[in-house]
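Got your viewer open? Load the model below and keep the selection tool handy.

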Amino acid sequence: MRASLVYRKALHDSIKEEVAERTRLHQAKVAALKAAPAARPSTLVAGAVEPTPLLLLAHGDSWFDYPLDGNDPSLSNTDVIAQMEHLGNVNPVILNVSHFGDATSEEMAWPKQQRMIDALQEPANWPTGKPDAILFSGGGDDIAGNQFCIFLDYAGTPGAGLDAARFQGVLDMVKASYLELFLFRDRNAAGVPIFGHCYDFATPDGVHPLCAGPWLKPSLDFTGWTVAEGTAIVHTALAAFRQMLLELATDKKNNFILVDTQGTLDLSQWANELHPMPAGFQLVAAKFVNSLRFQFPNRI
């Protein structure tokens, strides 16, 4: 067997095993919740009962599955989902089927949809039959990477920068994936709201961990842009991405809530071109908690 095929099989098996382990841990937490008394007296308010934690399904890219601490190897993930599990007045219980590096077209391709279907149809995962909400992270890997140059004009040409027409093409693909996500939810978890986010304004300075990247600066170098000029281009791209998601969130039939994360981080809270430090991920996670709290008062 060719080395590339061996690697691909090993990666597939490792992902499958990791999701299986996450599912086992999730089911143990759910079993403990079910075994607890249905109405536990609260020590805070006489006659009140402790709220049931939110049960959530998470699917996404490296912002939901980041197995590093900044740029260094870590014994545990430091991403948004890892931070959320320890936030809130009542910590949410989250089944995370995310995997780093996935574009939205991969996240919504049929194998990943089947993974979510399997998670949703397993009674041990959801005492009430389905999660309270679905968390989704997608769009960054559609744009960032070696393909980023596709959306750039060459520096020095009139009106150069982010090519609006070509970038609209990738935005349309990302939008199609989100629309597919909404259809998936309607078919498999009707009525469950979806919470997504819009990343934050990255700096394309070439900083990256040893295991991956850089994702932005090489394309900017290739097309002749400085880091300062590239930063403005990336800002324009992310603002357009946010606007597309806002339009999806405005359409009530999508039952989609956009967690507005742009402008959350300062430069010191970024680990590299695309990912925050753990404290930065915690700030983004807090935005999710606040949004969920508005939708589910006293549950988180």
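Here is a short tour, from the whole chain down to a few rings.

This is a predicted model, where local features need pLDDT of at least 70, side-chain atom pairs count only at pLDDT 80 or more, and totals for chains, interfaces and linings use all residues. Numbering runs from 1 along each chain as its sequence is written, and side-chain values use heavy atoms, with hydrogens and water left out.

Start with the cartoon view: you should find 9 helices and 7 strands (DSSP runs, helices being H or I with at least four residues and strands E with at least two, numbered from the N terminus). Along its principal axes the C-alpha trace spans about 70 × 50 × 35 Å. Next, colour by burial: 47% of the 300 residues are buried, meaning under 20% relative accessible area with a 1.4 Å probe, protein chains only.

Now show the aromatic side chains. There are 11 aromatic pairs, counting Phe, Tyr and Trp rings (for Trp, the six-membered one) with centres within 6.5 Å; planes under 30 degrees apart are stacked, over 60 edge-to-face, the rest tilted.

Select Phe-151 and Phe-167: they sit edge-to-face, 5.9 Å centre to centre with 80° between the planes. Phe-151 is in the loop between helix 5 (140-143) and helix 6 (164-188) and Phe-167 is in helix 6, so the pair ties together parts 16 residues apart in sequence. Both Phe-151 and Phe-167 are buried.

Hop to Phe-182 and Phe-256, a tilted pair at 5.3 Å and 45°. Phe-182 belongs to helix 6 and Phe-256 to strand 7 (residues 256-259), so this pair ties together parts 74 residues apart in sequence. Phe-182 and Phe-256 are both buried.

Last stop: select Trp-63, Tyr-66, Tyr-199, Phe-241, Trp-270 and Phe-281, which ring pairs link into a cluster.

How values were computed. Buried < 20%, exposed > 50% of the residue type's maximum accessible area, 1.4 Å probe, protein only.
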